[in-house]
Number of protein chains: 2
Amino acid sequence: MTHILKLRAGKRNEEIRVEAGSRVMDAISALDPSLIDAPCGGKALCGKCRIRLVGGRLTAPEERESRLLSAAELSAGLRLACLARFEGDAEIELPARGEASIITAGPKAAVDRDPPVRLVVVAPSEPSLEAQSDDEARLLAALALELGRQGAPELAPGRVDLAALPGLARCMREGSVEAVVADGRVLSAVPARPGARQLGLGVDLGTTTVVAYLVDLSTGERLATASELNSQRSFGADVISRIEAAADAECLEVLRSRITSQIAAMARDLVRAQSRAQEDLVAMAIAGNTTMLHLLAGAPPGAIALSPFAPAFLARRIEGAAALGLSGHPGCAAILLPGVSAYVGADIVAGIAAIGLHEAPGRSLFLDLGTNGEIAFGGSAGIVCCATAAGPAFEGAGIEKGSGGVEGAIDSVWVDGGSLRFSTIGGAPATGICGSGLVDALAAFLDCRIVDDTGRVVDAGEAAALPSALAALVDQGPRGPLVFLDRQRGIYLSQADIRAAQLAKAAIAAGIDTLLKLEGIGSGEVDRLYLAGGFGSLLDVRSAARIGLFPASLVDRVIVVGNASGAGATAACLSRSRLADCDRARAACAYVELSSRPDFNEAYIERMMFPEKA
Amino acid sequence: MTHILKLRAGKRNEEIRVEAGSRVMDAISALDPSLIDAPCGGKALCGKCRIRLVGGRLTAPEERESRLLSAAELSAGLRLACLARFEGDAEIELPARGEASIITAGPKAAVDRDPPVRLVVVAPSEPSLEAQSDDEARLLAALALELGRQGAPELAPGRVDLAALPGLARCMREGSVEAVVADGRVLSAVPARPGARQLGLGVDLGTTTVVAYLVDLSTGERLATASELNSQRSFGADVISRIEAAADAECLEVLRSRITSQIAAMARDLVRAQSRAQEDLVAMAIAGNTTMLHLLAGAPPGAIALSPFAPAFLARRIEGAAALGLSGHPGCAAILLPGVSAYVGADIVAGIAAIGLHEAPGRSLFLDLGTNGEIAFGGSAGIVCCATAAGPAFEGAGIEKGSGGVEGAIDSVWVDGGSLRFSTIGGAPATGICGSGLVDALAAFLDCRIVDDTGRVVDAGEAAALPSALAALVDQGPRGPLVFLDRQRGIYLSQADIRAAQLAKAAIAAGIDTLLKLEGIGSGEVDRLYLAGGFGSLLDVRSAARIGLFPASLVDRVIVVGNASGAGATAACLSRSRLADCDRARAACAYVELSSRPDFNEAYIERMMFPEKA
């Protein structure tokens, strides 16, 4: 049986037949994948694939959908395309698409389209026998005029790069010239292609995941997103193991070429899927932690792992993408965003810039939870920041039954009367526990007193005092106690897993304490808590506060900002002022080294305990 | 039999045994080749290997030596080391050596040592756990300080090149760092080498010959010179044939790599001969005609051969030498000097800058005679310049028995009573006629009326009226009349050869006429005539005026400046202000295209005639 779907997307109206019971996402993607925004790949994780049901019938919201959308949103007809299915004919409206969506603290919700790298088409003056001049001079003159007209005289280039000279000599006698201009340089000059567009790519280069956002630099429109696991993972899950591997120069070269090849391939696929020419891609802005950017640039990262943690470079760089081994237009420029220190990298700076923390009134906390928990605190008056070695527990690594956010991962755990309940990603049989599930489970264990406030799993005697359904979850493994979430499938958290999570949350909580204390601020005086990163977006905020990841007083002040790093990189690609924001954000940040601070160590030990039940 | 040579060179005193009858040059070179300056390779062409006989006995000056030294110089004891031989014990003083010697019109006889590319050794601050900073930031800070101390804050770099990042990361924890700084960039950073020097190379990249001058950037001392035939010659003797070859992209790449390999090899040999490390070579400044610089940069030169003659680039460039395929320090910089137009290239600009024409009082002519005769006229009030397609006749090409300046080439011809006499290079049996011999021969033919003022060789009847020794020189070849210089060895000039020389001299003379007329100046008002280039240095000035190459009124105002292009390049390597002089000289030059000017064509036809005997 089929139904009729009427689809409105901006000025576009479509009417298509859809299978009864099929997912809304699949129907829309089949029509045009760029219409739907699904950073998590349609796994009901990100809550980004919002649509509005204008009329007709979809399946009722299931529980996970209700968690990702507010009651107000649901009553306004908003639904998630990855979960809703057709139950009859339906009329659906897609929300207006723009830049990478991000909740901002500052005044910069919209990105002005004033890209730092431009593809400029000009018709240089003809050379004449009387007034002889060289191609370079005539091109530069034409570009200066055109950039002035575009309101970007600051981009007017001073020279044509050596690598661009062969192309220049070949194109200047063929009418219009298409030049890529960045950083006061002409990176390439080739004959103008009819219908050329200028595309940009914002890249969040994570240790675990690489996310790339393709945008149209002329319109600001976000065209498509791709997300892949970092292809360097076989060298180790965390930055330290990558750094160790890169001590060998050959290995460094392998790491470098892996990531450049991967980004190049992602870029190629994204551009191809839009039926655009590879030459349309003229700019990439790359945010990543300091180690990732070193590996990308082929700079040995060894010193990042050794006190006093002095990386080779931190300042923003604009390079020819080809020089880095990346693809795109022959003159494609790669902007490596600036970082603050070895462990507060360009990803954090891009995130801070994206939300405008460096310009925000009041005092905000910014928390990016990944392998390292990076914390920034402040606002327009200045920012202090630090990194805590939280370890990869919240990413599911180092946890016996831990898992990434894949189908079957337990992503939510809650107490239902006298027993524990959980949900898995995709509703599949449980295969492991992802970060948000870990935090939920811990909070539930604490609430049920399966784990005491020192993090110890109750012994058999104590378990006997619990409701029987809970007592049944506790068991003795070969290396200590276990708490089962799904006994049938053998999914549990061990005492060691709980200790790992406990150390991670203590590090983050102590980092927060240290920054607040340094600034003489109590947690009650913090205006907002921005949670960035994939884990931060999925986290149940109350569970996180329950285990003491951050002060309970901040629960109502949490703003989940998603991939702020990717949003910052994408904005930097689109706008010179947003790129400049990254430099300003970097300059605003004072780095605080925690490892040498007695007050941090004290706070760390103190925060090892779980909070009493509120 | 041996004699004793006492040698004084600056502060150095040597006493060595020398073979009786051996050349002074050979004895000194055996001791230390850098002591003697012989751009022509000891072939008695350049007159540069001057020594002063303080006491003892050398062979008496032979005729060629008397031509290359003035009577005053000879009486002051000056001799040429390539010609003088030991006849007894001798005490010899070597003149003080400095920069590439060049007679200047302006105030800049000496070159200030303020190199635009520097090897700077610094000890960057140690990173600390408290004040974490990256290697790049600490290196830049240390360099800014040190460059300020050296009085060159303008060189303070703004960034470390991508290619230098790996080296940077590796050297910053090993004490002192040796950085190459140019153009506001750090081109390399490596661990400081004890005893590192900074050497520079001035290169005159000619279509026919490549000359390289190795200098010590710290002392300004010229260490050694090398000269080789351009390895691209197999693609044709003149720029046009090279341009045609380069129309094929693969061929362009071959041309590019030939010349870069050649310069790299010359640099390597020069540095090695000084027992210096290859890493000591940090800068090259390259002057060459516009085509040669295009081939060096890998830029297609095709448009140089096609009206309206728009080359790809003319402005000065500073590139990493490695990016061009050149050798030296990993951070060695290559400065490509600026040119005025397709046919008035960086070689002419460097020459003008070297003699300071753009700052000189009064009105001077500057003439660089090679395949193209480039002419500049003016002074501090401005310069007009042009290029004439003189053809390679004066370089011995296109002349049946023509030859370069090699042993056996007839380099001088004169009338001795009723017969012609000639000398050859090295006194060897005649094998051909080089440029200066050609001009001398033509002048002699005109004086003897073997050739009339239209350039026609007399016929048999007219020859019969000449003195018998002269009449015997005229003969009939298969393609027209011949005039023999050495009948035994079959060395002659044909009517066609004479026509070729006639066209060449007419082009140059008409170019001079056009520039003077344009400025409203009569030839009597010209203050100086600078003759640059190898041919210009060897030319008999009176013979040149006799055939009408330039106005006879200028004979007494001629200043022979030798390889002004090489001197300009070398000076640019040593001094920022001399490099800036090249830019100023370029800016001062207004290019005059002769091919489209009726007055040039008129002058050209007029100058086809040879002048009447004065």
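## A tour of the predicted two-chain model

Glu253(B) is a suitable residue to select at the outset: with a relative accessibility of 38%, it counts as partly exposed. The model shown here is predicted. Add Arg256(B) to the selection; the two side chains form a salt bridge whose closest N and O atoms are 2.9 Å apart. Both residues lie in helix H7 (residues 249-273) of chain B, and because they are three residues apart there, about one helical turn separates them. Unlike its partner, which is partly exposed, Arg256(B) counts as buried, at 18% relative accessibility.

**Further salt bridges**

Over all chains, a search of the whole structure finds 76 salt bridges. Next, select Arg456(B) and Glu462(B), whose side chains meet in one of them, at 2.8 Å from N to O. Arg456(B) is partly exposed at 31% relative accessibility, and Glu462(B) is partly exposed at 32%. Then display Arg8(A), Arg52(A), Glu91(A) and Glu93(A): salt bridges with shared partners join these residues into one network.

Remaining in chain A, select Glu462(A) and Arg456(A), which form a salt bridge with the closest N and O atoms 2.8 Å apart. Here Glu462(A) has a relative accessible area of 32% and is partly exposed; Arg456(A), at 30%, also counts as partly exposed.

**The nonpolar cores**

Turn now to the interior. The largest nonpolar core comprises 111 residues, and those with the most contacts inside it are Leu205(A), Leu337(A), Phe366(A) and Leu139(B). Helix H7 (residues 249-273) of chain A is the greatest contributor to this core, giving nine residues.

Centre the view on Leu337(A). Leaving aside residues up to four places away in sequence, its contacts include Ile286(A), Ala287(A), Leu293(A) and Leu314(A). Arg316(A), Ala346(A) and Ala350(A) are also among the residues that Leu337(A) touches, as are Ala569(A), Ala572(A), Leu579(A) and Cys582(A).

Another core, of 110 residues, lies apart from this one; among its members are Leu140(A), Cys171(A), Ala299(B) and Val561(B).

**The relation between the chains**

Finally, display both chains together. Chain B is superposed on chain A by a rotation of 180° with 0.1 Å of shift along the axis, giving an RMSD of 0.1 Å. This is the relation of a two-fold axis. To locate the axis from chain B, select Ala323(B): its C-alpha is the one in that chain nearest the axis, at 5.6 Å.

Through which surface do the copies meet? Of the interface residues of chain B, 100% are also interface residues in chain A, so the copies meet through the same surface.

Definitions and conventions. Residues are numbered from 1 along each chain as its sequence is written. Chains are lettered from A and ligands numbered from 1 in the order in which they are written. This is a predicted model: local features need pLDDT of at least 70, side-chain atom pairs count only at pLDDT 80 or more; totals for chains, interfaces and linings use all residues. Side-chain values use heavy atoms; hydrogens and water are left out. A nonpolar core is a set of buried Ala, Val, Leu, Ile, Met, Phe, Trp, Tyr and Cys residues joined through side-chain atoms within 4.5 Å. Buried means under 20% relative accessible area, exposed over 50%, partly exposed in between (1.4 Å probe, protein chains only). Helices (H or I, at least four residues) and strands (E, at least two) are DSSP runs, numbered from the N terminus. Contact means heavy atoms within 4.5 Å. Copies are superposed by least squares on the C-alpha atoms of residues with pLDDT of at least 70 in both. A salt bridge is a side-chain nitrogen of Lys or Arg within 4 Å of a carboxyl oxygen of Asp or Glu.
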